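Please set out how the two chains of this model meet, and then describe each chain and a residue chosen from it.

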Amino acid sequence: MSVRNRELVFLLPALVLTTLGFALVYTVKSETLSWSSLTYGLLFLALFAIAHLGRRFLVPDADPYLLPVTALLSTLGLLLLYRIDPDLALKQAMWLVVGLVAFLLVLASTRDLRGLLRHKYWLGIAGVLLLVITAGIGRNINGSKLWIVVGPIHFQPGEFAKVLLIAFFAAYLVDVREVLTVSTRRVLGVPFPPFRYLAPLLTIWGFSILLMVFMKDLGTSLLFFGALLALIYVATGRAFYVVVGVVLFLIGATGLYFVFGHVQTRVDIWLDPWKDASGSGYQIVQSLFSLASGGLFGRGLGQGYLILQNGNPIIPHLESDFIFSAIGEELGLVGGMGIILLYLIFTYRGLRVAMASRNDFARLLCTGLTSIFAIQAFIIIGGVIKLIPLTGITLPFVSYGGSSVVANFMLLALLLRASDSAARDKLAAEKRAGASGAAPAASASGRRDG
Amino acid sequence: MDRAIRRLFYVFVAMFVGLILMLTYVQVWSAPKLKVNPANTRAVEEEMKIERGLIISQDDQVVAKNVQQGQYFLRQYPFGDVTEPWLGYNNLRYGRAGVERVYNEQLTGQAGLLGVTGSWSQILGKNQRGSDLKLTVSMKVQEVAAKALGERKGAVIAIDPKTGAILAEVSYPRYNPNTLTEDWKTLNADEGRPLLNRAIQGLYPPGSTFKIIVASAALQTGQVTPSTDFNDTGTVTEYGYVVHNFDNKVYGDHDFQKAFASSINTTFAKVGVKLGADTLSEYARAFGFGQGLPWSLGGATSRFPDPAGMDQAHVAQASIGQGEILASPMMMALAACAVANNGTIMKPYIVDHVLSYNNAIIETTEPSAWLHPITPATAATLKTLMIQVVKSGTGTAAAISGVQVAGKTGTAEVANGDSHAWFAGFAPADDPQVAVIVLVENGGSGGAVAAPIARQVMAAALGK
């Protein structure tokens with residue numbers, strides 16, 4: 001089967017899930033929902049059919065698993081939103097349309113990723129600017145300054161900044177990686193580069209600390225720091241940077257813990273949410289109750305206790321930060337594990353694209369984008385299940401949120417573009433090699449069709 | 001670079017495995033504990049989705065129903081406080097009590113065959129519907145009893161002595177289950193203890209109603225017959241304890257029947273001392289003292305002191321229902337039932353049958369015997385004595401025209417305040433349909449205060 005048709009086949013589970021899921025929620029809540037609400041499901045199907053066609057046309061040789069995984073995550077998210085509040089599902093469906101347009105635009109406009117290299121400083125400046133604006137005029141929602149509110153539109157610049165900054169840092173590392181791997185001294189047997197080579201590391205560290213101070217958000221800080229550290233590691237291959245980076249981050253975080261109340265509160269709630277189960281610990285405690293009531297197989301779609309008698313969700317921000325708790329309650333451990341495995345598959349395919357890429361920039365870009373995606377999923381899931389302190393960021397593709405959906409579709413588009421380029425480069429290389437008689441062309445194409 | 005990316009992937013794998021482990025821990029390992037955490041309102045919410053069965057009185061009055069609010073069912077009690085103490089409550093915040101608690105499984109449809117249909121409808125996503133309860137309580141009698149007791153602390157029970165079916169059960173002060181959530185704090189702080197079911201949980205000195213048991217022992221052991229002669233000089237001194245008659249009356253020469261009808265304390269003290277502590281204790285136990293009440297709604301265990309520790313003064317005191325004897329109103333109602341039902345005490349019950357939502361009877365309470373404290377012959381003799389009480393003795397206020405009523409009054413002295421007023425009786429004497437106990441805390445004399453209440457309740461039960 002060709003790569004393109006394989007993707008079509010893998011889109012089938014999402015199709016089945018959408019049809020069955022929406023029908024199920026409709027059956028359970030038929031008193032309050034109308035038949036017309038089922039059109040969200042149809043809209044969703046149309047969306048991914050277009051996405052598939054666009055991909056087939058624009059990046060025909062790209063990885064066939066990333067889009068189906070995205071489709072599954074989005075359909076689960078839309079399904080849960082439909083169950084929580086059909087109006088939100090409608091809005092999310094519209095955001096998916098916008099996301100799809102952004103996806104196709106990015107695919108169409110970036111024929112060659114190396115084009116981004118020329119604008120790398122602009123990317124960096126735009127990314128930092130977005131964050132600075134947020135820190136300056138952002139609104140504090142749920143303890144973190146992550147939102148810009150203009151009229152009815154809530155905008156989360158951090159979601160776009162993450163793509164821009166990863167692109168910038170990847171480009172920057174391409175330039176300096178040679179230098180960073182040069183080591184002149186050894187301390188205790190560890191290669192120790194001259195101090196000035198620590199500059200990139202110290203920069204991202206300082207950047208993360210500033211994020212924590214100004215956005216009052218441990219999660220965003222951890223997200224950027226983790227992804228950028230992963231980039232430095234992959235660029236240099238030196239574990240040394242990771243060790244120093246982690247130590248620095250721990251020192252910085254500990255310092256902030258004692259200086260800033262909001263960091264302290266977050267950590268204290270994490271350590272003992274039961275102390276104030278109806279106050280500051282309410283969200284995490286309710287999230288745990290939610291997960292516990294779901295058990296192994298969950299209570300079933302529409303059967304959980306997600307909405308209180310007064311119509312409010314039992315956990316504030318259920319549709320965004322706590323959507324994983326809702327999944328855990330209605331779809332159980334099985335559903336939750338499924339989501340986690342989907343993120344793992346996405347991460348695996350993303351890093352495969354990075355490895356397959358023929359140029360350093362594409363490799364670093366894909367590594368960075370995949371890392372920030374994976375870390376984001378880890379931070380929010382880990383937060384709502386009390387593995388790590390809770391922080392309010394979205395669960396990529398699943399949570400409600402326009403910025404998140406659009407930014408992540410752009411991220412996906414960049415990965416698919418890189419994947420397609422890698423396949424083409426490889427094919428071209430094999431053709432050259434085949435022309436000189438080193439490798440038979442048949443085996444090369446055979447591998448591609450696998 | 002490839003090696004670094006591969007390692008990076010392993011780090012992500014480790015992180016995601018960490019998520020899965022923690023998720024498993026929360027959803028499987030610690031879930032049972034989280035589910036019963038007091039801060040967790042999900043169990044309550046789950047139950048609110050179940051359409052609880054109706055509770056219907058013997059005379060077809062709905063005493064507990066549901067009001068639907070969205071997908072939830074809220075409980076409503078049309079009779080308010082009148083159906084307390086036995087109905088209890090099903091409260092989101094404070095849990096359950098009374099019939100609502102004891103029959104929760106049936107009311108929520110978790111018991112028996114219905115459990116299966118319950119889970120089927122759950123699978124189909126439909127609301128569960130519990131079973132209805134058909135009670136033995138007649139709201140007509142219940143309302144008369146509540147009105148007759150009025151706002152006096154105490155308890156009234158009406159019971160069918162032949163089956164043990166409860167016809168009415170009243171306790172005052174009481175609470176309104178419809179406003180329990182709002183009233184909870186006040187109710188708990190109230191010194192009158194409105195949440196206490198006095199009919200089965202209250203323990204009181206039974207006073208002269210205990211003479212039913214003393215007379216049973218004396219008659220059945222052959223110690224006395226109704227015509228055995230006694231002489232009263234107004235007092236009897238046993239081991240330094242002086243026994244007086246009520247109102248310090250002096251009766252002179254009389255027989256045992258007269259002693260019972262007029263409740264002559266001196267004679268009962270003599271009879272009791274002659275019977276001895278062991279025999280009295282044995283008979284008290286035979287009537288149910290020292291044993292838990294034989295039904296699901298529970299209640300306090302009535303107490304008779306350990307005979308080994310009783311001297312003659314104690315025995316004399318016990319013979320007139322004073323001292324360390326403590327009885328629940330239900331216990332004394334069952335003593336009256338023993339006489340009414342040829343010496344056999346039936347187990348009390350309040351739910352006659354359980355009906356599925358399509359009106360099929362799925363559970364019926366079969367009347368069953370509990371104790372046989374006296375022989376039918378002794379019961380018959382005692383019945384004649386109790387008829388005399390109402391005909392010409394202390395209990396004339398309980399008489400109903402056209403119906404032969406049997407009974408025994410009691411005026412139990414208490415350390416502080418007025419005496420507790422008691423009346424235990426049944427009617428019609430030749431074919432008892434209803435046995436009644438009345439207790440009015442610090443109400444005064446049994447004949448003047450309790451007997452009129454008993455008359456109204458018995459009349460209501462007999463349709464008079």
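Across the interface of chain A and chain B, 1 salt bridge is found, the term standing for a side-chain nitrogen of Lys or Arg within 4 Å of a carboxyl oxygen of Asp or Glu. The partners are the side chains of R363(A) and D2(B), whose N to O distance is 2.9 Å. Between chain A and chain B there are also 6 residue pairs in polar contact, with both residues at pLDDT 80 or more; a polar contact is a pair of N or O atoms within 3.5 Å, where within protein one atom must be able to donate a hydrogen and the other to accept it, and where residues adjacent in sequence count only if both atoms are side-chain atoms.

On the side of chain A that touches chain B, the elements giving two or more residues are helix 9 (218-236), helix 12 (282-294), helix 13 (323-356) and helix 14 (360-384) of chain A; helices (H or I, at least four residues) and strands (E, at least two) are DSSP runs, numbered from the N terminus. Helix 13 of chain A gives the most to this side, with 16 residues. By class, the side of chain A that touches chain B has 32 nonpolar, 16 polar and 6 charged residues, where Ala, Val, Leu, Ile, Met, Phe, Trp, Tyr, Cys and Pro count as nonpolar, Asp, Glu, Lys and Arg as charged, and the others, Gly among them, as polar.

The model is a predicted one, in which local features need pLDDT of at least 70 and side-chain atom pairs count only at pLDDT 80 or more, while totals for chains, interfaces and linings use all residues. Residues are numbered from 1 along each chain as its sequence is written, chains are lettered from A and ligands numbered from 1 in the order in which they are written, and side-chain values use heavy atoms, with hydrogens and water left out.

The contact (heavy atoms within 4.5 Å) draws 54 residues from chain A and 36 residues from chain B. Together the two chains bury about 4,000 Å², of which 74% is on carbon and sulfur atoms; buried area is the accessible area (1.4 Å probe) that two parts lose on being put together, summed over both. In chain A, the residues that lose the most area to chain B are F289(A), Y305(A) and M355(A), together 15% of what that side buries.

The table sets out the chains, with exposed areas from the Shrake-Rupley method and a 1.4 Å probe, and with buried meaning under 20% relative accessible area.

| Chain | Secondary structure | Buried residues | Exposed area |
|---|---|---|---|
| Chain A | 16 helices and 5 strands | 58% of 450 residues | about 17,700 Å² |
| Chain B | 16 helices and 19 strands | 58% of 464 residues | about 18,800 Å² |

Carbon and sulfur atoms supply 69% of the exposed area of chain A and 50% of that of chain B.

Within chain A, R55(A) lies in helix 2 (residues 39-58) and counts as buried because its relative accessibility is 0%. The side chain of R55(A) makes a polar contact with the side chain of E7(A) at 3.0 Å.

Within chain B, A340(B) belongs to helix 14 (residues 329-340) and, at 5% relative accessibility, counts as buried. Leaving aside residues up to four places away in sequence, A340(B) touches P161(B), K383(B), F426(B) and P432(B). The C-alpha atoms of A340(B) and L382(B) are separated by 9.2 Å, the two residues being 42 residues apart along the chain.

Note on methods. Buried means under 20% relative accessible area, exposed over 50%, partly exposed in between (1.4 Å probe, protein chains only).
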